[in-house]
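Trainee: Could you take a close look with me at one part of this structure, the open and enclosed spaces and the helices around them? I would love one connected walk through it.

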Amino acid sequence: MEMSFTNKVIIVTGASSGIGADAAKHFAKLGGKLCLVARNEKLLKIVSEEIIAFGSSEQPLVIVADVTKDPERIIQEAVKHFGKLNVLVNNAGIYQLDSVINFNITQFDAMLSTNLKAVAILTSLAVPYLEKTKGNIVNVSSVAGMRAIPGMLSYCISKAALDQFTKCVALELAPKGIRVNSINPAMIRTPIFEKTGISAAEANEEMEAGKYTHPMGRIGEPIETSEAIAYIASDSASFITGVLLPVDGGYMVK
């Protein structure tokens, strides 16, 4: 079955950089109509312009919003603009290092609010529209939800909870014809480390060290997560739901 998203409407949260930006551009190349959501208006516009530049059939809808504060507006604006919704990609997330020894409740709450609560609310609001199109949801989780990683307590907890959410909701929505899956990447070449406050040089060192922790001897590239997201959201995966798909260079089997 040929992979095509022609005339399909896709919301991608966290679409201003990294996995989300690349996934949005990949969906557009496959014919999708994109709704780009993030807090950073400048970066969102750059992604939108890149999509237009390679000849997308329809200009993306840019929604500058915080998923923890504006979930209703995100869904309403997307459906009002395009008239329907086929795919929701819950990609927006935050990442910080912590442990039980230096535990910070404010940081913990922020992690759970973005990585889990916002996903649950957006999903709930999207269900009536996805039921009409027999659409699907892809949650962007992490290998950190599938195994314990030292120094990443709150992040691991948030992604483990997201994985359970994915499975529970897949079971609940299957009778409505809505599929729900996640991808669980290991280290991917994105700006995620710089967002923790470390320098670009330190971030490069972290990514360089990744070749020793991933059995394939390298870290992943954004296009590799984009292709996984697109596949699991496509009609080619029409009998797949409740799956947590590692995109990890063998990290989970080492």
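Mentor: Happy to. Let's begin with the largest pocket, whose lining takes in 50 residues, with G93, Y95, Y155, T190 and I192 lying nearest its centre. Four elements give two or more residues each to that lining: α1, β2 (33-38), α5 (153-173) and α6 (200-213). The space in this pocket comes to about 1,300 Å³. Sorted by class, its lining residues are 26 nonpolar, 18 polar and six charged. Please keep in mind throughout that this is a predicted model.

Two of those elements, α1 and α5, are good threads to follow, since each gives two or more residues to the lining of the largest pocket. Let's take α5 and its neighbour α4 before turning to α1.

How do α4 and α5 sit against each other? Their axes are 8 Å apart and the packing angle is about 15°. An angle under 35 degrees counts as roughly parallel, so α4 and α5 are roughly parallel to each other. The crossing in which α4 passes α5 is right-handed. On the α4 side, the residues in contact are F108, M111, L112, N115, L116, V119, A120, T123 and V127, and they meet S154, Y155, I157, S158, K159, A161, L162, F165, V169 and L173 of α5. This contact has 14 nonpolar residues, four polar ones and one charged. You will recognise Y155 here: the residue takes part in the contact with α4, and Y155 is also among the residues nearest the centre of the largest pocket.

Helix α4 (residues 105-133) leads us to an enclosed space as well, giving the largest share, four residues, of the lining of the largest cavity. How many cavities of 30 Å³ or more does the structure hold? There is one. The largest cavity has about 30 Å³ of space, and its lining is made up of T13, V67, N90, N91, A92, T114, A118, V119 and L122. By class these are five nonpolar and four polar residues, with no charged ones. Here V119 is the residue to notice, since V119 lines the cavity and also belongs to the α4 side of the contact with α5.

Now for α1, the other thread. Helix α1 (residues 18-29) packs against helix α7 (residues 222-233) at an angle of about 55°, and their axes are 8 Å apart. That angle makes α1 oblique to α7. The two helices cross in a right-handed sense. From α1 come I19, D22, A23, H26 and F27, which meet P222, I223, T225, S226, E227, I229, A230 and A233 of α7. In terms of class, the α1 and α7 contact holds eight nonpolar, three polar and two charged residues.

Helix α1 has another partner in α2 (residues 41-53), with an angle of about 25° and axes 10 Å apart. These two helices are therefore roughly parallel to each other, and their crossing is right-handed. A21, A24, K25 and A28 are the α1 residues in this contact, while V47, E50 and I51 are those from α2. Five of the contact residues are nonpolar and two are charged, with no polar ones.

One more open space completes the tour. The second largest pocket has about 230 Å³ of space. Its lining has 18 residues, of which K134, G135, G177, R179 and S238 are the closest to its centre. By class, that lining divides into six nonpolar, eight polar and four charged residues. Set beside this, the lining of the largest pocket has 26 nonpolar, 18 polar and six charged residues.

Notes: Residues numbered from 1 in each chain as written. Predicted model: local features only at pLDDT ≥ 70, side-chain atom pairs only at ≥ 80, totals over all residues. Heavy atoms only, no water. Axes fitted to C-alpha atoms, helices over the stretch in contact; angles between N-to-C directions. Parallel < 35°, antiparallel > 145°, perpendicular 65-115°, else oblique. Left-handed = near helix turned anticlockwise from the far one by under 90°. Contact = heavy atoms within 4.5 Å. Nonpolar A, V, L, I, M, F, W, Y, C, P; charged D, E, K, R; others polar. 1 Å grid on protein atoms, 1.4 Å probe; cavity = no way out; pocket = protein on both sides within 12 Å on 5 of 7 lines; lining within 4 Å. Points joined across faces, edges and corners; volume = space filled by probe spheres on them.
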